[in-house]
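I opened my notebook to go through this structure one topic at a time. I wanted short entries that I could check against the coordinates.

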Amino acid sequence: MRIVLLGAPGSGKGTQAGLLKSRLNVPHISTGEILRAAVAAGTPLGIVAKSVMEAGALVSDDIVLGMLEERFGQADVQRGFILDGYPRNLIQAQALEQLLAKLNLPVDKALQLDVSEDLLLARLAGRAKAEGRADDNPQSVGNRLHVYQQQTAPVIDYYQGMGALVRVPGEGTVEVILERIISALG
Ligand code: AMP
């Protein structure tokens, strides 16, 4: 199964993708994780991305698409995939559609995790303490939520228009949400 996971920062995409990948036996591809690894390794791409990510802004479409093309060149994606953190805007949604059409691996479902803003803020504050992610400070969080509303939310309509959108309430325990996702995927 080929899935795009959508949802605001703090909606639980990363957590659920980590569980889903074992259930579905497909790779989890997180553009945020690939970028964080590049930052940690100090690669040229990581050096460019670091300050943008810390500010809670989006890394340029070209850079992220290049990373994604490289990742989709690996053989494991033939089994399916869970894509988490991409697309973040309509340009990326179109680029992804073209890339996947070329590979003959079109998206089956776009899964939107719906979470109220109060809960998003509470979860991100908790994660800031637990994980110390550089972009979980209050200012970056505010910016990331703004970017999500302005640029990423329209991607939901994009997948709805394609008839691929599935919405799942992302509130409750991790296990309950996972089961909701599995049944929504059908
Ligand atoms: P995430 O782990 O998905 O929340 O991503 C963390 C940060 O990485 C984001 O706030 C962006 O700065 C950057 N990032 C991740 N995915 C993308 C993307 N598809 N396009 C642009 N920037 C991204």
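My entries below cover the nonpolar cores, an unusual peptide bond, the salt bridges, the largest pocket and two backbone angles.

**Entry 1: the model**

I noted at the start that this is a predicted model. I kept that in mind for every entry.

**Entry 2: the nonpolar cores**

I looked up the largest nonpolar core and found 36 residues in it. Which of them touch the most other members? I listed Val4, Leu6, Phe72, Phe81, Leu83, Leu96 and Tyr159. I then asked which elements each supply at least two residues of this core. They are strand S1 (2–6), H3, helix H4 (61–71), strand S3 (81–84), helix H5 (90–102), helix H6 (117–131) and helix H7 (138–161). H7 gives the largest share, 7 residues.

I also found a second, separate core. It has 14 residues, among them Ile3, Val26, Val168 and Ile177.

Next I picked Leu96 and traced its contacts, leaving out residues up to four places away in sequence. Leu96 touches Val4, Leu68, Leu83, Tyr86, Pro87, Val107 and Tyr159. Two names on that list, Tyr86 and Pro87, led me to the next entry.

**Entry 3: Tyr86 and Pro87**

What joins Tyr86 and Pro87? I found a cis peptide bond, with omega about 5°. I wrote beside it that most peptide bonds are trans. Tyr86 sits in the loop between S3 and H5, and Pro87 is found in that loop between S3 and H5 too.

Is Tyr86 buried or exposed? Its relative accessible area is 1%, so I put it down as buried. Beyond its neighbours within four places in sequence, Tyr86 contacts Val4, Thr31, Val64, Leu65, Leu68, Gln92, Ala95 and Leu96. I checked one C-alpha separation as well. Tyr86 and Gly32 lie 54 residues apart along the chain, and their C-alpha atoms are separated by 8.7 Å.

**Entry 4: salt bridges**

How many salt bridges does the structure hold? I counted 9. I reminded myself that side chains of opposite charge can pair when their charged atoms come close.

I took Lys50 and Glu54 to begin with. Their side chains meet in a salt bridge at 3.3 Å, N to O. Lys50 and Glu54 are 4 residues apart in helix H3 (residues 44–54), so about one helical turn separates them. Lys50 is partly exposed at 40% relative accessibility. Glu54 is partly exposed as well, at 33%.

I went on to Arg167 and Asp114, whose side chains meet in a salt bridge at 3.0 Å, N to O. This pair links distant parts of the chain. Arg167 is in strand S5 (residues 165–169) and Asp114 is in strand S4 (residues 109–114), 53 residues apart. Arg167 has 46% relative accessibility and counts as partly exposed. Asp114 is partly exposed at 28%.

Then I looked at Asp136 and Arg144. Their closest N and O atoms are 2.9 Å apart, in a salt bridge. Are these two partners buried or exposed? Asp136 is buried, at 4%. Arg144 counts as buried too, at 10%. I followed the links outward and found a network of salt bridges joining Arg127, Arg133, Asp135, Asp136 and Arg144.

**Entry 5: the largest pocket**

How much space lies in the largest pocket? I noted about 910 Å³. Its lining has 44 residues. Nearest its centre lie Pro9, Lys13, Arg127, Arg133 and Arg144. Arg127, Arg133 and Arg144 are also members of the salt-bridge network from my last entry.

I sorted the lining by type and got 18 nonpolar, 15 polar and 11 charged residues. S1, helix H1 (13–24), helix H2 (31–41), H6, H7 and helix H8 (174–185) each supply at least two of the lining residues. H2 gives the most, with 5.

**Entry 6: positive phi**

I closed with the backbone angles. Most residues other than glycine have a negative phi. Asn25 has a positive phi, near 55°. Asn25 lies in the loop between H1 and strand S2 (28–30).

Asn104 also has a positive phi, near 60°. I placed Asn104 in the loop between H5 and S4. Asn104 is exposed, with a relative accessible area of 61%.

How values were computed. Residues numbered from 1 in each chain as written. Predicted model: local features only at pLDDT ≥ 70, side-chain atom pairs only at ≥ 80, totals over all residues. Heavy atoms only, no water. Salt bridge = Lys/Arg side-chain N within 4 Å of Asp/Glu carboxyl O. Buried < 20%, exposed > 50% of the residue type's maximum accessible area, 1.4 Å probe, protein only. Core = buried A, V, L, I, M, F, W, Y, C linked by side-chain atoms within 4.5 Å. Contact = heavy atoms within 4.5 Å. 1 Å grid on protein atoms, 1.4 Å probe; cavity = no way out; pocket = protein on both sides within 12 Å on 5 of 7 lines; lining within 4 Å. Points joined across faces, edges and corners; volume = space filled by probe spheres on them. Nonpolar A, V, L, I, M, F, W, Y, C, P; charged D, E, K, R; others polar.
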